[in-house]
Amino acid sequence: MSTNLSDVMTFNEWPARPKVKLGDLGAEIGLYETASALQTQLNDFAKNKMRPIGQTLDRLSAEKVIAEESQFWEFRKQYTQFGINVEALATFAPEDIPDIFCVIFEELGYGDAGLAISTGVDLLPHYMASKFGNDFVAKKYDESLIGCWAITEPDHGTDSLDPEGRAFQKGGDYGTPGCSAEITDGKIIINGQKSAWVSNGPIAELAILYCQVKTKDGKVDPSHGAVVIVPLDAPGVSKGPALEKMGQRSLPQGEIFFENVKLDIDHLLIEPKDYEKGLYAIHSEANTLMGAVFTGCARAAYEYAYDYAHERRQGGVPIIQHQDVKRRIFHMARKVELSRAITRRVARYNMLSRLPALQAAMFTKITATEHALEVASAAVQLFGGNGVTLEYPVEKIFRDARSSLIEDGCNEALSIMGGDLLTDFERAGM
């Protein structure tokens with residue numbers, strides 16, 4: 001439900017005891033027709049199809065999640081029917097895309113955070129190629145291929161997002177990169193590995209690979225890299241097992257190995273001289289996506305707690321009648337609303353400005369993920385003993401939210417990097 005400005009009451013029309021029930025998207029004045037229809041459809045899909053599948057997958061081993069008979073594939077089949085891809089997004093007016101982007105990924109995060117992230121990284125090879133002005137990927141590879149973003153490495157988690165060393169301790173050293181490419185004679189030759197945290201890694205068919213590049217003397221400089229589109233059926237590519245983990249168990253994650261993988265130079269999206277720009281671009285997008293997904297995750301925890309507070313009785317009354325429960329519910333709703341607001345604001349700024357602000361995307365990711373954990377934790381507490389049992393959904397949401405403070409760059413390191421981006425080095429005499 002959203003408010004139409006033409007329906008605004010005069011003061012004399014207000015009821016004696018004014019009270020407003022906010023809609024699914026909180027204090028939302030109104031989405032335009034297409035976005036509103038998409039939100040309604042995705043909301044139904046998230047609650048009635050996606051969420052039950054996510055809860056089932058949460059109880060399976062990582063290998064069974066991606067097994068041929070798994071409901072994971074039923075989810076992907078149903079989601080595909082929405083036609084959400086780069087080609088479809090390109091049909092919207094630029095000024096409408098930020099709202100559509102946020103609506104899509106908030107609703108998906110509302111359904112299941114792990115499955116939402118799987119759909120998000122799915123888009124990245126084609127989405128970023130389009131952003132970079134490259135049409136080779138669209139012509140060569142169908143959007144039906146399962147995508148992933150291969151950047152994180154063993155011993156280089158958030159470091160992989162920080163080749164300039166913004167968050168490094170003074171005197172700190174990146175060390176030896178785990179994956180590198182050699183660019184020579186019209187070919188790209190890739191060796192090394194990406195870590196077990198590659199989302200969609202075990203099932204992906206097409207990767208947007210961020211790796212360092214060997215110089216002419218055979219050395220690998222962490223501050224110079226390349227962005228390469230890699231078909232994961234190429235000779236020399238192999239994968240590790242699906243990762244067992246605490247939360248987001250519906251999201252397949254795993255290692256990818258490269259042994260003398262040779263590709264034509266057409267697969268090179270970003271050359272070493274532009275590597276920092278390429279990393280800045282995808283990180284701005286990914287952190288904003290995380291903001292939308294975990295706004296939805298927090299909203300799910302809040303709604304479960306809200307409903308439970310009206311049904312559960314203690315002290316002879318529904319617990320929503322107790323003052324402290326009202327206080328908790330209020331602060332949970334406030335945090336969901338703040339997460340949504342900053343995500344929408346930053347998405348609009350970064351998608352419509354001449355140059356996106358990575359520090360603003362970091363505002364979004366950190367705010368939404370920390371709020372998601374706080375709201376989920378409050379929901380567990382409000383459910384009491386029921387909250388820590390597998391019978392109730394909030395313990396799963398808590399585990400899903402907890403993982404978000406680490407993925408796509410741990411929040412502590414992102415805060416330091418964001419502070420560096422905010423610094424006026426001239427004023428600071430640096």
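**Exercise 1. Identify the residues that form a nonpolar patch on the surface of this predicted model, and place phenylalanine 11 within the chain.**

Solution.
Step 1. The nonpolar surface patch consists of Met9, Phe11 and Trp14. Together these residues have about 390 Å² of accessible area.
Step 2. Phenylalanine 11 is located in the segment that precedes α1 (33–58).
Step 3. The relative accessible area of phenylalanine 11 is 63%. Since exposed means over 50%, phenylalanine 11 is classed as exposed.

**Exercise 2. Determine which residues make up a positive surface patch, and state whether lysine 326 is buried, partly exposed or exposed.**

Solution.
Step 1. Arg17, Lys19, Lys21 and Lys326 form the positive patch.
Step 2. Lysine 326 belongs to helix α9, which covers residues 323–352.
Step 3. With a relative accessible area of 49%, lysine 326 is partly exposed, because that class lies between the limits of 20% and 50%.

**Exercise 3. State how many disulfides the whole structure holds, and examine cysteine 102 and cysteine 148.**

Solution.
Step 1. A disulfide is a covalent bond that joins the sulfur atoms of two cysteines. The cut-off applied is a sulfur pair within 2.5 Å.
Step 2. For cysteine 102, the closest cysteine sulfur is that of cysteine 297, at 16 Å, which is too far for a bond.
Step 3. For cysteine 148, the closest cysteine sulfur belongs to cysteine 179, at 12 Å, again too far for a bond.
Step 4. The search of the whole structure finds 0 disulfides.
Step 5. As to accessibility, cysteine 102 is buried at 2% relative accessibility, and cysteine 148 is buried at 0%.

Methods. Residues numbered from 1 in each chain as written. Predicted model: local features only at pLDDT ≥ 70, side-chain atom pairs only at ≥ 80, totals over all residues. Heavy atoms only, no water. Buried < 20%, exposed > 50% of the residue type's maximum accessible area, 1.4 Å probe, protein only. Patch = residues over 30% accessible without salt bridge, like charges linked within 9 Å, V, L, I, M, F, W, Y side chains within 5 Å. Areas by Shrake-Rupley, 256 points an atom, 1.4 Å probe, with all protein chains shown as cover. Salt bridge = Lys/Arg side-chain N within 4 Å of Asp/Glu carboxyl O. Lys, Arg positive; Asp, Glu negative; His and termini not counted. Charge placed at Lys NZ, Arg CZ, Asp CG, Glu CD. Helix = DSSP H or I, 4+ residues; strand = E, 2+ residues; numbered from the N terminus.
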